[in-house]
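This briefing is meant to be read with the model open beside the text. Please take the topics one by one, and find each named element before moving on to the next.

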Amino acid sequence: MHDADLVGGVLLAAPDPWSAGRDLASLLIAARADRRQASSLGLDPDLVEVLRAHFGGDGSRIAAACDLGAAWVLGRRSAASVEPWDLVASLPGDTPLPTGLTHTTGEALVQLVTQSTSSLRLAAPFIDLPGISYLTDGLAAATARGVRLEILLPTRSTHAGGALHELCATIARDGSPANLSVAALRDDAPWAHLKALTSDSRAAYIGSANVTGAGLAGPNLELGILVRGPAVAVVERVLDLFRER
């Protein structure tokens, strides 16, 4: 995940993202963490601590990330969609998005992770380290703010073990391991070829892309939809059909 996305997730609820971004930069550059000050500024102290660990006191990187994060928040607000769904895609190389497409698959998944407040559920038959790296920092930050993360364990992915090990290590360092669970399929389950990420049972990605570098950022050609509304609960019921209890 990019620095701007991480900072944007912390600034998402701020009435004035520019002012909040400057306050956040001061907190991140300070020699010592100040949870009380973070709370008084309307910033989540746990998320601020995650960012402090992420940036390691790099002042120039922090300043740039806070400016970009504020712009990211304002961009999201100005681009709010009135439709219950959006088409997203992964395209090879530097292929421009065609008219009508405003988000790549990777951006859509990052958005779902960043906006989550209570739950995230991820299912994909193939997961690799480059793919999960797009989401790792955001998933760790989500667990730190109390979001319950469940991953449906892939059964045929040869690279999933290393990718999930890296995710677990990051959550152990920067998030809350108690909010992470890995679910397995029953022995009688069909091959789970579906790819989905649900957020708070109110928004979801459903599409062709696996959580792999090729699937999220190319060179694969992938199509999917970002859907919103009560029908997302049906997606989660499908995930529960053959899940071990």
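The model shown here is a predicted one. In the predicted model, Ile 206 has Ile 225 in S8 as its bridge partner, and this pair is a convenient place to begin, since S7 and strand S8, which covers residues 222-228, are paired in the antiparallel sense over five bridges. From there the briefing moves out to the whole sheet, then to a turn, and then to the helices.

**The sheet**

- Eight strands make up an open sheet, and reading across it gives the order S2-S1-S8-S7-S6-S3-S4-S5, with mixed pairing.
- Strand S2 (103-104) and strand S5 (180-183) are at the edges and have a single partner strand each, so one side of each is left without a neighbour in the sheet.
- As general background, the strands of a sheet pair through backbone hydrogen bonds, and the pairing may be either parallel or antiparallel.
- Strand S1, made of residues 85-90, runs antiparallel to S8 and is joined to S8 by six bridges; within this pairing, Ala 89 has Leu 223 in S8 as its bridge partner.
- Strand S6 (residues 196-199) and strand S7 (residues 203-207) are also paired in the antiparallel sense, here over four bridges, and Thr 198 stands opposite Ala 204 in S7.

**The turn between S6 and S7**

- What do S6 and S7 form, and how many residues lie between them? They form a hairpin, with three residues between the two strands.
- In general, most residues other than glycine have a negative phi, and most peptide bonds are trans.
- Against that background, Asp 200, which lies in the loop between S6 and S7, has a positive phi of about 60° although it is not a glycine.
- Ser 201 is placed in the loop between S6 and S7 as well, and its phi is near 60°, again a positive value in a residue other than glycine.
- Are these two loop residues buried or exposed, or something in between? Asp 200 has a relative accessibility of 19% and therefore counts as buried, whereas Ser 201, with a relative accessible area of 25%, is partly exposed; the cut-off for buried is under 20%.

**Ser 119 and a cis peptide bond**

- Ser 119 lies in strand S3, which covers residues 119-123, and because its relative accessibility is 10%, Ser 119 counts as buried.
- Leaving aside residues up to four places away in sequence, Ser 119 touches Val 147, Arg 148, Thr 198, Ser 199, Asp 200 and Ser 201, a list that includes the two loop residues described above with positive phi values.
- Elsewhere in the chain, Gly 218 and Pro 219 are joined by a cis peptide bond, with omega at about 15°, and Pro 219 is found in the loop between helix H10 (213-217) and S8.

**Helices and their packing**

- Helix H6 (residues 105-115) is largely enclosed by the rest of the structure, because nine of its 11 residues are buried; among the buried ones are Ala 108, Leu 109, Val 110, Leu 112 and Val 113.
- In general, two packed helices are described by the angle between their axes and by the distance between the axes.
- Helix H1 (residues 3-11) and helix H4 (residues 45-55) have axes that come within 10 Å and cross at roughly 160°, and H1 and H4 are therefore roughly antiparallel to each other, in a crossing that is left-handed.
- Where H1 and H4 meet, Asp 3, Leu 6, Val 7 and Val 10 in H1 are in contact with Leu 47, Leu 51, His 54 and Phe 55 in H4, and the residues of this contact divide into six nonpolar, one polar and one charged.
- Helix H8 (residues 136-144) and helix H9 (residues 160-174) pack at an angle of about 45°, with their axes 9 Å apart, and H8 and H9 are therefore oblique to each other, with H8 passing H9 in a right-handed crossing.
- The contact between H8 and H9 brings Thr 136, Asp 137, Leu 139, Ala 140, Thr 143 and Ala 144 in H8 to Leu 167, Thr 170, Ile 171 and Asp 174 in H9, and by class this contact has five nonpolar, three polar and two charged residues.

Notes
Residues numbered from 1 in each chain as written. Predicted model: local features only at pLDDT ≥ 70, side-chain atom pairs only at ≥ 80, totals over all residues. Heavy atoms only, no water. Pairing = 2+ DSSP bridges. Axes fitted to C-alpha atoms, helices over the stretch in contact; angles between N-to-C directions. Parallel < 35°, antiparallel > 145°, perpendicular 65-115°, else oblique. Left-handed = near helix turned anticlockwise from the far one by under 90°. Contact = heavy atoms within 4.5 Å. Nonpolar A, V, L, I, M, F, W, Y, C, P; charged D, E, K, R; others polar. Buried < 20%, exposed > 50% of the residue type's maximum accessible area, 1.4 Å probe, protein only.
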